[in-house]
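Dear colleague,

I am handing over the structure we spoke about, and below it I have written out what I found when going through it. Please read the notes with the structure open beside you.

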Amino acid sequence: MLSTLRRALFNIISVLSLIYLVLLVVLSVIHILSPQRSGLLALTQVFAPYLFIPVLPIVPMALIRRARRFRVALVTALALCAILFLVRFPPRLIAAPNQEHVGEMHLSAMAWNVLVGGRHEAVRSLLVTRPADIVALEEISWDWIDSDKEITRLYPYRSCIYRDDPIGGLCLLSVYPIVEDGIVDAPPGIWDKPRVMWARLDLGEGRTLHVVVAHPPPPYIARAGFPMVGPYDTSKRDARIAHIRASIEPYLQRGEPVLVLGDFNVTEREVAYTDLTQGLLDAYRLTGDGIGHTWGSRGLLGRWVPVLRIDYLLSSPDVIPLAASVDCTERGSDHCIVYGRFEIR
């Protein structure tokens, strides 16, 4: 009797496992052939790699003797899942950095969402090391930086917006003179306030660099009528990203060097990522090592784990990424710091 119950339970688990594998294959094909902007299917694109985790315990189950009734179906579905995973998420080998040319101009940059104002002591302890030539800070409460003599000595040029709004606060620190700066004009209806600023840096030798720092808010997971599981409404975020991209386009068309930094609240598996990066170079994607996740949350054991890549260093084709890295040391934020080194040709 006990043996019969075990066999029945195993058969039920095998059937459920097979159903999950088939659904995962179908979902992966939809992601590849018809990626979605909004809705639950779009949300599954965001977390697509993690949908393959339940596949792992199915592998040994398909190999045991008791599974012979379902073995062919399970092994076939597992093979399809493995192929789709490798196609969609190929392993990242150690990236070979782009060759650095003697005589060309080089600079470093970093972007960090410090999370709702930031811990001043943690932000300061990083800035006084002069971690990069150009520093973009998002969600920064920055008024204290104005009175910090050491930071002013290291970064004599800065442009910051929204002193009294830590969530919207943006700050650009630079070792290069800022000759122009401003907030990108916002079309009505898509921003509570424009969370995108720009500055033109004088690099010397008659060269300038157009820098954009942006932080569009994330999509809505739910909306009225969907209190727990919503449709993942990305319409406003995507409109904001399109607005940011449109503000950059004239400079790209004129062939001016451009550097775009910030937390864009979009993963590289979403359509809006393509909208943003078309014609731009993603420093980490081209020269970074490993997965490069930049945002996460605390897991069941209370340890902060980055799970998505949503912070970027992007550049025009004449601002070549030489190297990129992330620093996920805990400093009170739920974002890692993204670093990059560039050559301007």
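**Cysteines and disulfides**

At 29% relative accessibility, Cys 328 counts as partly exposed, because the range for that class lies between under 20% for buried and over 50% for exposed. Please keep in mind throughout that this is a predicted model, and that the values below are computed from it.

Cys 328 is joined by a disulfide to Cys 336, with an S to S distance of 2.0 Å, and the link between Cys 328 and Cys 336 is right-handed, with 100 degrees about the S-S bond. Its partner is placed otherwise with respect to the surface, since Cys 336 is buried, with a relative accessible area of 0%.

The structure holds two disulfides, and the other one is formed by Cys 160 and Cys 171, whose sulfur atoms are 1.9 Å apart. This pair links distant parts of the chain, with Cys 160 in strand S3 (residues 157-161) and Cys 171 in strand S4, eleven residues apart. Cys 171 is buried, with a relative accessible area of 0%. If the bonded cysteines of the protein chain are numbered in sequence order, the pairing reads 1-2, 3-4. For bench purposes it may help to recall that a disulfide is a covalent bond between the sulfur atoms of two cysteines. A further cysteine, Cys 81, is buried as well, with a relative accessible area of 1%.

**Strand S1 and helix H5**

Which strands pair with S1, and in what sense? S1 and S14 pair in the antiparallel sense over seven bridges, and within that pairing Ala 111 stands opposite Val 338 in S14. S1 is also joined to S2, in this case by six bridges and with the two strands running parallel; here Gly 117 stands opposite Ile 140 in S2. Eleven of the 13 residues of S1 are buried, so this strand is largely enclosed by the rest of the structure.

Together, S1, H5 and S2 make a right-handed β-α-β unit. In helix H5 (residues 120-127), the residues Ala 122, Val 123, Leu 126 and Leu 127 are buried. These residues cover an arc of only 130 degrees around the axis, which puts them on the same side of H5. The buried residues of H5 pack against strand S1 (105-117), strand S2 (134-140) and strand S14 (337-344), and also against strand S4 (170-174), helix H6 (143-146) and helix H7 (149-154). Strand S4, as noted above, is the one that holds Cys 171 of the disulfide.

**The six-stranded sheet**

Elsewhere in the chain there is an open sheet of six strands, in the order S5-S6-S7-S8-S12-S9, with mixed pairing. Strand S5 (178-183) and strand S9 (281-282) stand at the edges, each with a single partner strand, so one side of each is left without a neighbour in the sheet.

Within this sheet, strand S6 (residues 196-204) and strand S7 (residues 207-214) run antiparallel and are joined by eight bridges, with Val 212 in S7 as the bridge partner of Trp 198. Helix H8 (residues 235-253) lies across S6, S7 and strand S8 (258-263), and the helix runs at about 165 degrees to S8.

**Loops worth a look**

Most residues other than glycine have a negative phi. Against that background, Glu 205 has a phi near 55 degrees, a positive value in a residue other than glycine; Glu 205 lies in the loop between S6 and S7 and is exposed, with a relative accessible area of 74%.

Asn 265 likewise has a positive phi, near 50 degrees, and is not a glycine. Asn 265 is found in the loop between S8 and helix H9 (271-277), but at 13% relative accessibility Asn 265 counts as buried.

Where does Asp 192 lie, and is Asp 192 buried or exposed? Asp 192 is found in the loop between S5 and S6, and Asp 192 is exposed, with a relative accessible area of 54%. From Asp 192 to Tyr 232 the separation is 40 residues in sequence and 19 Å in space, C-alpha to C-alpha.

With best wishes

Terms used: Residues numbered from 1 in each chain as written. Predicted model: local features only at pLDDT ≥ 70, side-chain atom pairs only at ≥ 80, totals over all residues. Heavy atoms only, no water. Pairing = 2+ DSSP bridges. Helix = DSSP H or I, 4+ residues; strand = E, 2+ residues; numbered from the N terminus. Contact = heavy atoms within 4.5 Å. Axes fitted to C-alpha atoms, helices over the stretch in contact; angles between N-to-C directions. Buried < 20%, exposed > 50% of the residue type's maximum accessible area, 1.4 Å probe, protein only. Arc of directions from axis to C-beta. Right-handed = clockwise from strand over helix to strand, strands pointing away. Disulfide = S-S within 2.5 Å.
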